[in-house]
Amino acid sequence: MKTKSAMITICGRPNVGKSTLTNYLVGEKIAIVSNKPQTTRNRICGIVTRGNTQFVFVDTPGYHRSRTKLGDYMVNTVRESIADVDATILVVEPIASIGVQEEALLEKIKASKCPAILAINKIDTVEKEKLLEVIAVYSEAAQFDAIIPISAKTGDGVEQLLKVCEKYSVDSPFLFPEDLTTDQPERQVMAEIIREKLLWCLEKEIPHGTAVEITKFSERDSGVIDIDATIYCERASHKGIIIGKQGAMLKKISTMARTDCEKFMGTKVYLTTWVKVKENWRDSDFLVRNFGYSE
Ligand SMILES: Nc1nc2c(ncn2[C@@H]2O[C@H](COP(=O)(O)OP(=O)(O)OP(=O)(O)O)[C@@H](O)[C@H]2O)c(=O)[nH]1
Ligand SMILES: [Mg+2]
C-alpha cells in the first residue's frame with residue numbers, strides 16, 4: 001500500500017482548546033484538558049491513521065510570556081514545534097481582535113515558511129455575525145491557506161479541518177504503528193492524568209506548581225497494574241492543601257485519577273500517591289529537567 005503522512009502542529013495562546021481539539025481528532029483522550037491556562041507542558045503527538053494516510057498532530061503548550069524556567073521550556077517547545085512540519089494550525093478564540101500571542105505565533109509561522117490554517121474555536125459560544133468579524137480581522141492580518149470555524153467541544157467543523165490537513169500529506173511510510181494514538185509512554189499518560197485532577201481540584205497557583213513523578217509502574221500476572229506516584233509541590237502550605245483535612249483532598253484526586261488511568265489502560269489499577277515539597281522547583285533548571293521537562 002502506498003502510504004502518506006502529515007505532521008501538523010497545533011499552536012495558540014493558553015486555554016484556546018488545543019488539547020481538546022487534539023483529543024477530538026484522535027477520538028481518544030490522550031492530552032489533559034482544564035479550564036486553567038498552561039495546562040499542557042510538553043509537546044504531545046496525537047496520531048490519527050485513516051486509510052493510507054497517517055496524521056501526526058503535535059499539541060503544544062500555550063504560547064505565553066514565561067516567568068519561570070518551566071515557562072521557558074514550554075515556550076521553547078512551541079517554537080521548536082513550528083519548524084519542520086508539513087503545516088500548522090493556529091487555534092484562536094472567537095474574538096475579533098488579534099492578541100500579542102497570536103501576532104508572535106504568526107510571525108514564527110511565517111518565518112518557518114510552513115502553510116498555516118486558522119481554526120477559530122469555541123464557535124458554540126458565539127453568534128454567526130460575531131464569527132464573521134473574527135474571520136475578517138484574521139484574513140486581513142495574515143495569509144492563511146484556510147480559515148475554519150470549529151468547536152473542539154461539539155466536533156463542529158473538525159472533519160472539515162481534517163480534510164484540509166489531508167492536502168499537506170506527503171508520500172512517506174507511516175511514522176508510528178497504525179494502532180497507536182499517542183507517542184507518550186504509558187507512565188507519562190498516568191502522570192498527566194494525575195496532574196489534570198490537580199488542576200481540576202485546586203485553585204490559584206497551587207496546581208501550576210505541581211509536578212508528578214511515577215515511581216512504580218508494574219503489572220501483576222492477573223493484569224492489575226500497580227502505580228506509585230509522587231506529587232511535588234512548591235511549598236509546605238501547598239502540601240497541606242493538596243492532602244486536605246484527614247487526607248480528603250488527596251483521596252478525591254487519587255480516586256478521580258485512578259478511574260481515568262483504568263480507562264486508558266483498560267484494566268484495574270491500584271494507585272498510591274504521596275505528596276512532597278520541592279521549593280520553587282519551577283525556577284530550577286536542574287529540577288525542571290529532572291521532572292522530564294527537557295528535550
Ligand atoms: N465552549 C467550548 N469550550 C471549549 C472548546 N474547546 C475547548 N474548550 C474549553 O476550553 C478550556 C481549555 O481547553 P484546553 O483544551 O485545555 O486548552 P489548551 O489550548 O490545550 O490550553 P493550554 O494547554 O493551557 O495551552 C477547557 O475548559 C475546555 O473544555 C469549545 O470548542 N467550546
Ligand atoms: Mg493544552
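In the predicted model, ligand 1 is surrounded by 24 residues, of which G17, S19, T20, T40 and G62 come nearest. By class, the shell around ligand 1 comprises 6 nonpolar, 14 polar and 4 charged residues.

One of the residues nearest to ligand 1, G17, is placed in the loop that connects β1 (4–11) with α1 (18–26). G17 has 22 C-beta neighbours inside 10 Å and therefore counts as buried, the threshold being 20 or more. Apart from its neighbours within four places in sequence, G17 is in contact with V91, N121, K122 and A152. The C-alpha atoms of G17 and S34 are 9.2 Å apart in space, with the two positions 17 residues apart in sequence numbering.

K122, one of the contacts of G17, belongs to the loop between β5 (116–120) and α4 (128–141). K122 is likewise classed as buried, because 20 other C-beta atoms lie within 10 Å. The backbone of K122 shows a positive phi of about 65°, although the residue is not a glycine. Most residues other than glycine have a negative phi. A positive phi, near 45°, also occurs at N280, again a residue other than glycine. N280 is found in the loop between β10 and α9 (285–290). With 12 other C-beta atoms within 10 Å, N280 is exposed, since the class extends to 12 or fewer.

V91, a further contact of G17, is part of strand β4, where it lies on one side together with A87 and I89. The opposite side of β4 carries T88, L90 and V92, and the residues of both faces are all buried. Strand β4 (residues 87–92) is thus largely enclosed by the rest of the structure, because 6 of its 6 residues are buried. Strand β4 pairs with β1 in the parallel sense through 4 bridges, and I8 has A87 of β4 as its bridge partner. The pairing of β4 with β5 is also parallel and extends over 5 bridges; here L90 is bridged to L118 in β5.

At the level of the whole chain, the domain assignment distinguishes domain 1 (4–171) from domain 2 (186–290). The centres of domain 1 and domain 2, taken over C-alpha atoms, are separated by 28 Å. Contact between the domains involves 9 residues of domain 1 and 13 residues of domain 2. On the side of domain 1 that touches domain 2, the residues divide into 3 nonpolar, 4 polar and 2 charged.

D179 is located in the loop between β7 (170–171) and α6 (186–201). D179 counts as exposed because its C-beta neighbours inside 10 Å number 7. A separation of 8.8 Å is found between the C-alpha atoms of D179 and V48, which are 131 residues apart along the chain.

A further element of the model is an open sheet of 3 strands in the order β8-β9-β10, with mixed pairing. Strands β8 (211–219) and β10 (269–277) stand at the edges with a single partner strand each, so one side of each is left without a neighbour in the sheet. From one strand to the next, the twist averages 15°. The antiparallel component of the sheet is the pairing of β8 with β9, which extends over 8 bridges and includes the bridge between K216 and D228 in β9. β8 and β9 form a hairpin with 5 residues between them. Within the turn, G223 has a positive phi of about 95°. The parallel component joins strand β9 (residues 225–233) to β10 over 9 bridges, with I231 standing opposite V275 in β10.

Two helices are associated with this sheet. Helix α7 (residues 236–243) packs on the sheet and touches β9 and β10, its direction making about 155° with that of β10. Helix α8 (residues 248–265) lies across β9 and β10 and runs at about 135° to β10.

Technical notes:
Residues numbered from 1 in each chain as written. Chains lettered and ligands numbered in written order. Predicted model: local features only at pLDDT ≥ 70, side-chain atom pairs only at ≥ 80, totals over all residues. Pairing = 2+ DSSP bridges. Axes fitted to C-alpha atoms, helices over the stretch in contact; angles between N-to-C directions. Contact = placed C-beta atoms within 7 Å. Domains from an automatic or database assignment. Nonpolar A, V, L, I, M, F, W, Y, C, P; charged D, E, K, R; others polar. Near = placed C-beta within 6 Å.
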